[in-house]
Amino acid sequence: MVDEVEFTSYYGRPIIKPPVWKTPDVPLYLFLGGAAGSSAVLGALAEGTRRPALARVAHLTAGGGALASVAFLIHDLGRPSRFLNMLRVLKTTSPLSVGSWILAPFSALTTATAGAHLLGRFPLLRRFTGAGAAVLGGPMTTYTAALLADTAVPSWHEAHRELPVVFAGSAMAAGGGITTALTPLDEAGPARRVAAMGAAIELAAMHRVEHGHGLVSEPYRTGRAGKLLKTARACTATGAGLTLLAGRSRTAAAVSGALLAVGSVLTRFGVFDAGMASAKDPRYTVEPQRARARASEAAASRAAAGSRRGS
Amino acid sequence: MAEAHPVGFQWVMEAKARGATVIHVDPRFTRTSALADLHVPLRAGSDIAFLGGLINYVLQHEKEFREYVVAYTNAAAILREDFQDTEDLDGLFSGYDPEKGQYDETTWQYEGVEVTAAAGQRQSPKPGASGASVGAESGEDSDAEEHEQGASEQSGSGGPPVGGKPRRDETLQHPRCVFQVLKRHYARYTPEMVHEVCGVEPQLFLKVAEALTSNSGRERTSAFVYSVGWTHHTVGVQYIRAASVLQALLGNMGRPGGGILALRGHASIQGSTDIPTLYNILPGYIPMPSAREDASLDDFVAEAAGSVGYWGNMKKYAVSLLKAWWGEAAQPGNDFCFDYLPRLTGDHSSYQTVAQQIQGTVPGYFLVGENPAVGHANAKMARLGLANLEWLVVRDLQLIESATFWANAPEIETGELATEEIGTEVFFLPAAAHVEKDGSFTNTQRLLQWHSQAVEPPGDCRSDLWFYFHLGRMIREKLAGSTDPRDRPVLDLTWDYPTHGPVDEPSAHGVLREISGTGPDGTAVDGYTALQDDGSTSCGCWIYSGVFADEVNQANRKKPHTEQDLVAAEWGWAWPMNRRILYNRASADPDGKPWSERKKYVYWDEDAGRWSGPDVPDFQATKRPDHVPPEGAEAEDALGGTDPFIMQGDGKAWLFVPAGLADGPMPTHYEPAESPVPNPLYSRQANPSRKELRGAWNRANPAMSDAFPFVVTTYRLTEHHTAGGMSRTLEYLAELQPEFFCEVSPQLAAERGLEHLGWATLVSTRSAIEARVLVTERMRPLRVAGREVHQIGLPYHWGRNGITTGDSANDLLGVVMDPNVHIQESKVATCDIRPGRRPRGPALVDFVEGYRRRAGVETGLLGRNGRAPIEERS
Amino acid sequence: MTAISSASAAFRGQDRGNRLFGPVPDVTGDRGYADDHPARVGFFTDTSVCIGCKACEVACKEWNLLPMDDAEGTVDALGLTGASYDNTGMLGANSWRHVAFVEQSRAVDLPMPTVGPPGAADGQRPLEDPPVVHPQVPASATTAEQSAPSQTASGDREIRWLMSSDVCKHCTHAACLDVCPTGSLFRTEFGTVVVQEDICNGCGYCVPACPYGVIDQRQDDGRVFKCTLCYDRLTDGLQPACASACPTESIQFGDLDALQARADQRLAALQEKGVEGARLYGRDETDGVGGAGAFFLLLDEPEVYGLPPDPVVTTRDLPAMWRSVGAGAAMVLGLIASAFVGRRR
């Protein structure tokens, strides 16, 4: 632990403002977008490899997830009536702007694809929209990580390299899991493999987030976030293990898929909570910055001393 | 000053930026302390011991500015043989009458100078003169913060006249010269005694003494700045006197960077004493005539007429005033309508009037911009007074507690008052704010600054000028045609101001022009020296004369200071005659040369044959420094070339006051009326001449009472304004200090179990109130007289109305007054404090009664009308 | 007609160094304003002369018609915080100036710091030991020890009461502006950062992006609000309301260059007087936000006042984030594709 003695704050008040994003809106938006993204890729590939049942399930998951994701995003806005302002500009410095430009066409494409599935018509259009959605499916799974990381929230920002990987893995585990659960065994093979790989990536990357960043990793291990992420880990690991059986039993597939989806949901809630906790406690803002400032002061004085010796 | 006068404090910061050392002496560590170089915490009410210690330090170490002291003060004057000091009489001066509790000042006079009975002391607390049990006169000002007027001002802008020039010993060695008497008087005010009385460590005290003395003298000057809390003591006048003595000894008067700056409590309170809302003076500090003494104008001006200094011209000022008021009706044949002036018959001061309201002898009352139900010491007494009126007119910006007492006074809750039994008819008339009207502010440095109307007042809100002008107009219309002689004073008034705008607003410019005065040809005069006593001139306030010189509103000059020299004489207009530093003749040495190049200000220019400098000389411009007045000269002509203090009878700064003060010629430390410790200096505990008001509605906490072991002091916060009517009602101010709180030290909190942000109940013999607790190291216990003294801080802004509400600190305080000006002692009292909220309803009364019993104070509850105490409940 | 973009120059190809952080000599021109744009303006807040009068807060609220709120930003609410005389609590949607009050004390040996005639005065009290800061005033339990008789003499503890008026920093690299997805936040011709309230859709992204915790969402309104540096007054040639109201010139408004020069002089003067702890905050153009348009002279560590000690604009790391996002997306595509390779089940 960093020595607490040196830590000072202004009446214990946070230095940065915690995000105003509402829960469960935003964690669910993260989860649904991720699951939809990986499902869209799964669906397109299933379509291409003639797995109609898998394609249908994946596309319906993608479409439903994308729509719900959009709904949650709009609901979270302070002025929902102005949601179209999101598309007023495209700003590469704003993950939310970039994300909106990903989410909007993605949700349109996945909804169209899912609609075609439900109507049982427009197969060509369906293939076209499905392929388009798949291209956007990859970024769908990861841009939300940049959304969180591109803030001053210490525990999110410091994990900005790992969080996209966590979210990618979590999205695969969720999308793979849900489609595994809902697809007949004989077509669900790829979904199971996606689920298992996703779970493994989620667990591994999350481990780095939880331990790799010193003090700001602490919120991921403590408090409500710690409990959520611990449970998420258990669900994801168990769900991943069960994928070995999911090829043989529809029940096992359902349980495995459900566990992976729950694991993914809990991971999103956990990551969200950890960030909120790190934002609310000024220690997580001050101490790393204080250490950094001391280090650069020390470096500067060393450099000054060095230059004096040199002259 | 940073707390209550943040805008003025910019100049302190400016001085600090230029290298000034800022020392803050205050019981609490305030926002001022935070910016000061040194904070000196001292026990509330011990300031004379502190200042006396400084005087003693100056005298013992010969730090006085000797040339200045000899030439410009009365240090050399020799006193009568029968004068006895507090050192001789254990806390009393000679002349004390224990039965009346008053002094006869005969023995304080200069040797060989005729004692002029009641010289300059018209209607003043002349010992035994009025016979009123509660003193003869007092102040009514627009807020509890403000009660500065009275005897000293009544004697003119300077002191009362003395009957002639005293015998002097310029070596200052004569045992009865003022200098030696002063030295003996303060000999026991040592650093150790300061420690004992004030709780200020000797090292800290010496640091202040060294800083002050090393920064005073030929090359340097120091200024004292006080806010009116300094006057809120039973020895308030003597506080200011003590600072005056010190500044005179150090040569800091009449010189740039020196002086004593009184920071008034709010905008234009200075103006409201210059052109007074006070009962006992007329504009320009001309005394109000007495029913007994002043049968004619000549009687009225007789005493002043023979005196030395500018006050000798009082008849010119008085006649010009009468001409301003009654115009053509005022003629030499009718004594210029002198008979029309009201006459004083007794004490009509503020607290005395409140007592008379309770007793049922005052039926009607105007409250203008004042909220006594919150802002007066012993606010409960004020509310009881209001509840016993027949009618009450309240003019204010907001519906203040003083207008709603009949519905929500705390006494309604306790059952001491009942709405249905209150007969007061309340007329609330909304007032216009300063941006809604033209007018001038006279600020603390006597500076008149004009402000112009920016917007029309909303709804029924009207300016005070509108209100009084149209009230007068309506009364005159009703009286028109009356043949009753008693209506002549009203009907003959010059009541012809031009009006304009949608509500017929009278012209404020026109009023200012009348105040400034006009000459025989009807044009504006240049200043008071142009005024005559033959009725050819008219002037509404002689000290303001010249503010409309050249037919220009001089108060409306707004040339930025960046475009002027340091004196900035073209910003606004300062009375008198646009002088920025009073008595500035003292900025030059007796020969008329600047004391030093650094402190050059007003000096004698031999070539030009006149006084010169960046300011208007406060001296006859061509009177040579070596001028010796001829025998028999009068008024200003009787002043010599080395008499800078031109309003004083002898032209000198007074280290010793031979006449005019009710409680002694030299400041002496007495304990506050309510003190937890004995007076270490004398066996006299408190000021022997203090004025008390006795009644079941104004009980006193006994000194050194175990029931009330803590010192409490009240004050203002930057975020609020006095009794809160202008701040608790505004969102942006209410949110900044949203609750009534008390400030206590961590030590007191531990001793009494008070929790930060918890509730505390504070109790006195008057009432009990509750406040949120702020525990802060800014409050410190002091070690005084061998024991630890805890002080509690209470901002006094809160009441029942507005956005932020709370109990009123003034409910805790009693009324006990300074004998000179009758200002209440509200900056120090005693109380008890305990954790938790106060009892509610009638239980509160029982709770306070319990404390009274414990303290051995008279008990008994008030009757429903507040008038008669009723039997104690068993 | 000059095109004004709310996107960072780094992403519009106008900034050859592709900078998302570091000094920007002409932040206004960088955003596409014509060469004759006004000079960049800002605030220099000298807290060493702040008297805590809060006139800045009131003037700001009056001019900008902000609602009354409590220390948590709740509109139309009041509340005593117990944090010294600070009942504003923080900068937020309804408080664009916030005066912090910090009570410090430490044990000292008498005599107190030297005071004497001008020149000999040391101005501020030097603090030799790190002062004890009381985030909350000590509860009575912890003060029992202090009430021991030996410690009750009045001069044995030295008090320092710091006051500081905080405000939006109008950063050279403003994270709020960078992350705003709607273009509601923009860089004005004065180099300041302002929210356009008719565009803001209340996404709230700027709120956690600000490294100083300045901008916030107003409850029941949904949009975000912060200091505009009185953009409306600037366009009319007036100075901001807070600077106009400040009685002690603690808040100074002007061209940033001039303010920086003045601040450097002031710091040098204080340091010459031996005022320990005096430092400029937000003045350094090489800091994590490229220097601030509103910067401060502080008398203690920034965190004592509730300011971050070494803030960095979050978008400095955006390229790394986008790389990671891209790699993650590619990984998803690749791995899912690999799941379809070979086996039919």
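**Exercise 1. Domains of chain B**

Task: State which domains the assignment gives for chain B of this predicted model, and describe how domain 1 and domain 3 meet.

Solution.
Step 1. The domain assignment divides out domain 1 (350-431), domain 2 (584-644) and domain 3 (691-870) in chain B.
Step 2. Taken over C-alpha atoms, the centres of domain 1 and domain 3 of chain B are separated by 20 Å.
Step 3. Contacts link 33 residues of domain 1 of chain B with 34 residues of domain 3 of chain B.
Step 4. On the domain 1 side, two or more residues each come from helix H14 (350-359), helix H15 (372-375), helix H16 (379-387), helix H17 (401-408) and helix H18 (410-414) of chain B. The largest share, five residues, is that of H16(B).
Step 5. Sorted by class, this side of domain 1 of chain B holds 15 nonpolar, 12 polar and six charged residues.

**Exercise 2. The span of a helix**

Task: Compare the expected span of helix H19 (residues 464-479) of chain B with the distance between its end C-alpha atoms.

Solution.
Step 1. Helix H19 of chain B has 16 residues, and at 1.5 Å a residue it should span 22 Å.
Step 2. The end C-alpha atoms of helix H19 of chain B are 22 Å apart, which agrees with the expected span.
Step 3. Just after H19(B) comes Gly481(B), with a positive phi of about 90°.

**Exercise 3. Contacts between chains**

Task: Determine which chains share the most contacts, and describe the side of chain A that touches chain C.

Solution.
Step 1. Two pairs of chains are in contact, and chains A and C share the most contacts.
Step 2. Chain A and chain B are joined by no contact; their closest C-alpha atoms lie 14 Å apart.
Step 3. Between chains A and C, 70 residues of chain A are in contact with 64 residues of chain C.
Step 4. The elements of chain A that give two or more residues to this side are helix H1 (25-48), helix H3 (95-119), helix H4 (123-149), helix H6 (163-182), helix H7 (189-211) and helix H11 (282-310). H4(A) gives the most, with eight residues.
Step 5. By class, the side of chain A that touches chain C has 36 nonpolar, 22 polar and 12 charged residues.

**Exercise 4. A first group of cysteines in chain C**

Task: Explain why Cys60(C), Cys227(C), Cys230(C) and Cys242(C) can be said to gather at one spot, and describe the surroundings of Cys60(C) and Cys227(C).

Solution.
Step 1. An unreviewed UniProt entry places the feature "binding site" at Cys60(C), Cys227(C), Cys230(C) and Cys242(C).
Step 2. These residues span 183 residues in sequence, yet no two of their C-alpha atoms are more than 10.5 Å apart, so they gather at one spot.
Step 3. Cys60(C) lies in helix H2 (residues 55-64) of chain C. Cys60(C) counts as buried because it has 25 C-beta neighbours inside 10 Å, where the cut-off is 20 or more.
Step 4. Leaving aside neighbours within four places in sequence, Cys60(C) is in contact with Trp96(C), Arg97(C), Ala241(C) and Cys242(C).
Step 5. Cys227(C) belongs to the loop between strand S8 (224-225) and helix H6 (231-235) of chain C. With 27 other C-beta atoms within 10 Å, Cys227(C) is buried.
Step 6. Leaving aside neighbours within four places in sequence, the contacts of Cys227(C) are Trp96(C), Val167(C) and Cys168(C).

**Exercise 5. A second group of cysteines in chain C**

Task: Describe how Cys168(C), Cys171(C), Cys176(C) and Cys210(C) are arranged, and decide whether Cys171(C) and Cys210(C) are buried or exposed.

Solution.
Step 1. UniProt, in an unreviewed entry, lists these residues for "binding site". They are spread over 43 residues of sequence but cluster in space, with a largest C-alpha distance of 10.9 Å.
Step 2. Cys171(C) sits in the loop between strand S4 (157-167) and helix H4 (175-179) of chain C. Its 27 C-beta neighbours inside 10 Å make Cys171(C) buried.
Step 3. Cys210(C) sits in the loop between helix H5 (206-209) and strand S7 (216-217) of chain C. Cys210(C) is buried, with 29 other C-beta atoms within 10 Å.
Step 4. Leaving aside neighbours within four places in sequence, Cys210(C) is in contact with Ile16(A), Lys17(A), Ala152(A), Ala175(C), Cys176(C) and Ile215(C).

**Exercise 6. Confidence**

Task: State the confidence scores of the model and of chain C.

Solution.
Step 1. The model scores ipTM 0.94 and pTM 0.91.
Step 2. Chain C averages a pLDDT of 84, and 80% of the residues score at least 70.
Step 3. Over residues 110-154 of chain C the pLDDT is below 50. Where pLDDT is low, the predicted coordinates should not be read in detail.

Technical notes:
Residues numbered from 1 in each chain as written. Chains lettered and ligands numbered in written order. Predicted model: local features only at pLDDT ≥ 70, side-chain atom pairs only at ≥ 80, totals over all residues. UniProt positions renumbered as here; feature names shortened; annotations may be inferred. Helix = DSSP H or I, 4+ residues; strand = E, 2+ residues; numbered from the N terminus. Buried ≥ 20, exposed ≤ 12 C-beta atoms within 10 Å, placed from the backbone. Contact = placed C-beta atoms within 7 Å. Expected span 1.5 Å × (residues − 1). Nonpolar A, V, L, I, M, F, W, Y, C, P; charged D, E, K, R; others polar. Domains from an automatic or database assignment. pLDDT = per-residue confidence, 0-100.
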